[in-house]
Amino acid sequence: ADACVTAAYRETIEGMQSRFAARLRAAATRDEALRDATADFLAYLARHPDVAAFLTARGDREMMALREELRRVSIRNLQRELTRFDGEAVTPELELQRLVATMGRTVARHVAARETQKLPDALDAALETAGACLPQHAT
């Protein structure tokens with residue numbers, strides 16, 4: 001991949017991660033955090049279809065490796081932010097992976113259909129997946 005494209009992709013994803021984390025931190029409850037951060041994410045991409053398309057664009061092996069690296073960072077960031085609400089309990093990483101994958105598929109589906117403006121309508125379905133991401137106490 002072109003160095004400028006990979007740098008722009010990294011910068012875009014890191015900006016989205018930072019924005020999402022800030023919304024999580026601003027909330028008083030876990031449910032509010034996930035709702036606000038997810039709603040903001042979807043609304044932002046609805047207003048910026050070019051960014052939504054860029055996030056879901058396919059690429060060469062180098063770009064796919066970068067995408068995977070940043071996906072793992074997103075999961076770690078989400079787990080870290082949710083710890084504030086979850087205390088000793090831990091949200092299973094598999095559940096967080098499922099949430100991140102669902103969000104990615106949702107965005108990609110709307111981009112492919114040229115309906116990114118409808119992304120905010122996917123909030124409840126996304127939150128249903130997020131609701132499955134409940135913390136579990138160690139046994």
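User: Buried means under 20% relative accessible area, exposed means over 50%, and partly exposed is what lies in between. In this predicted model, what is the class of Glu115?

Analyst: Happy to start there! The relative accessible area of Glu115 is 30%. That is neither under 20% nor over 50%, so Glu115 counts as partly exposed.

User: Which residue does Glu115 pair with in a salt bridge, and how far apart are the closest N and O atoms?

Analyst: The partner is Lys118, which is partly exposed at 37% relative accessibility. A salt bridge needs a side-chain nitrogen of Lys or Arg within 4 Å of a carboxyl oxygen of Asp or Glu. Glu115 and Lys118 qualify, with their closest N and O atoms separated by 3.5 Å.

User: Which residues are joined into one network by salt bridges that share partners?

Analyst: The network comes from bridges with partners in common, and its members are Arg10, Glu14 and Glu69.
One of its links is easy to find on the model: the side chains of Glu69 and Arg10 meet at 3.2 Å, N to O. Glu69 sits in helix H4 and Arg10 in helix H1, 59 residues apart. So the network you asked for is Arg10, Glu14 and Glu69.

User: How many salt bridges does a search of the whole structure find?

Analyst: As background, side chains of opposite charge can pair when their charged atoms come close. Searching the whole structure for such bridges gives a total of eleven.

User: Are Arg30 and Asp86 buried or exposed?

Analyst: These two make a salt bridge, with 2.7 Å between the closest N and O atoms. Arg30 belongs to helix H2 and Asp86 to helix H4, so their bridge ties together parts that lie 56 residues apart in sequence. As for accessibility, both Arg30 and Asp86 are buried.

User: Which helix gives the most to the largest nonpolar core?

Analyst: That core contains 31 residues, and Leu24, Phe41, Leu45 and Leu78 have the most contacts inside it. At least two core residues come from each of H1, H2, H3, H4, H5 and H6. The top contributor, with eight residues, is H2.

User: Leaving aside neighbours within four places in sequence, which residues is Leu45 in contact with?

Analyst: Leu45 is one of the residues with the most contacts inside the largest nonpolar core. In soluble globular proteins, nonpolar side chains tend to be buried together. Setting aside those neighbours within four places, the contacts of Leu45 are Met16, Val51, Ala52, Leu55, Val107, Thr116 and Leu119.

Notes:
Residues are numbered from 1 along each chain as its sequence is written. This is a predicted model: local features need pLDDT of at least 70, side-chain atom pairs count only at pLDDT 80 or more; totals for chains, interfaces and linings use all residues. Side-chain values use heavy atoms; hydrogens and water are left out. A nonpolar core is a set of buried Ala, Val, Leu, Ile, Met, Phe, Trp, Tyr and Cys residues joined through side-chain atoms within 4.5 Å. Buried means under 20% relative accessible area, exposed over 50%, partly exposed in between (1.4 Å probe, protein chains only). Helices (H or I, at least four residues) and strands (E, at least two) are DSSP runs, numbered from the N terminus. Contact means heavy atoms within 4.5 Å.
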